[in-house]
Amino acid sequence: MLTGKEYQKKQMEIAKDLFLTWDGDGEGSLSPSELIKAFVGIGLSQDHHFAKKIMASIRPKGQTD
């Protein structure tokens, strides 16, 4: 069984690996299109259209893809 610190470390490793997988252009940040692919990939959205609706609901006004 993992201790609290070991568990946190493992979770951080998983999060970092996911981020690196999703950061398709390697710029160190996730663009809206990369986030949409991630949403679909992890099952948060069934398709790109719904994922775009999710992004539109959280995107600051005036910002576009």
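**Exercise 1.** Against which helices do the buried residues of α2 pack?

*Solution.* The model is predicted. Start with the layout: the protein chain has three helices and zero strands, and along the sequence they give the pattern α-α-α. Next, list the residues of α2 that are buried: Pro32, Glu34, Ile36, Ala38 and Phe39. Then look for what covers them. The buried residues of α2 pack against α1, residues 4-22, and against α3. Finally, look just past the helix: α2 is followed by glycine 43, with a positive phi near 85 degrees.

**Exercise 2.** Describe the packing of α2 against α3 by angle, distance, handedness and the residues in contact.

*Solution.* Two packed helices are described by the angle between their axes and the distance between the axes. Here α2 spans residues 32-41 and α3 spans residues 48-58; the angle is about 125 degrees and the axes are 9 Å apart. To name the arrangement, note that angles of 65 to 115 degrees count as roughly perpendicular and those over 145 as roughly antiparallel, the rest above 35 being oblique. The helices α2 and α3 are therefore oblique to each other. Their crossing is right-handed. On the α2 side, the contact is made by Pro32, Leu35, Ile36, Lys37, Phe39 and Val40, and on the α3 side by His48, Ala51, Lys52, Ile54 and Met55. Sorted by class, these are eight nonpolar, one polar and two charged residues. Comparing lists, Pro32, Ile36 and Phe39 of α2 occur both among the buried residues and in the contact with α3.

**Exercise 3.** Which residues does phenylalanine 19 contact, leaving aside its neighbours within four places in sequence?

*Solution.* Locate the residue first: phenylalanine 19 is found in helix α1. Its contacts beyond four places in sequence are with Gly28, Ser29 and Leu30. Take leucine 30 from this group: it is eleven residues from phenylalanine 19 in sequence, and the C-alpha atoms of the two are 8.0 Å apart. Now classify the exposure. Buried requires under 20% relative accessible area and exposed requires over 50%. With a relative accessible area of 28%, phenylalanine 19 is therefore partly exposed.

**Exercise 4.** What percentage of the residues of the protein chain count as buried, and what can be added about its surface and contacts?

*Solution.* Of 65 residues, 15% count as buried. The accessible surface of the protein chain is about 5400 Å², with 58% belonging to carbon and sulfur atoms. For contacts, take those with a separation of 6 or more: residues 24 or more positions apart account for 3% of them.

Conventions: Residues are numbered from 1 along each chain as its sequence is written. This is a predicted model: local features need pLDDT of at least 70, side-chain atom pairs count only at pLDDT 80 or more; totals for chains, interfaces and linings use all residues. Side-chain values use heavy atoms; hydrogens and water are left out. Helices (H or I, at least four residues) and strands (E, at least two) are DSSP runs, numbered from the N terminus. Buried means under 20% relative accessible area, exposed over 50%, partly exposed in between (1.4 Å probe, protein chains only). Contact means heavy atoms within 4.5 Å. Accessible areas come from the Shrake-Rupley method with a 1.4 Å probe; for residues, only the protein chains shown count as cover. Axes are lines fitted to C-alpha atoms, for helices over the stretch in contact, and angles run from 0 to 180 degrees between N-to-C directions. A crossing is left-handed if the near helix is turned anticlockwise from the far one by less than a right angle, and right-handed if clockwise. Ala, Val, Leu, Ile, Met, Phe, Trp, Tyr, Cys and Pro count as nonpolar, Asp, Glu, Lys and Arg as charged, and the others, Gly among them, as polar.
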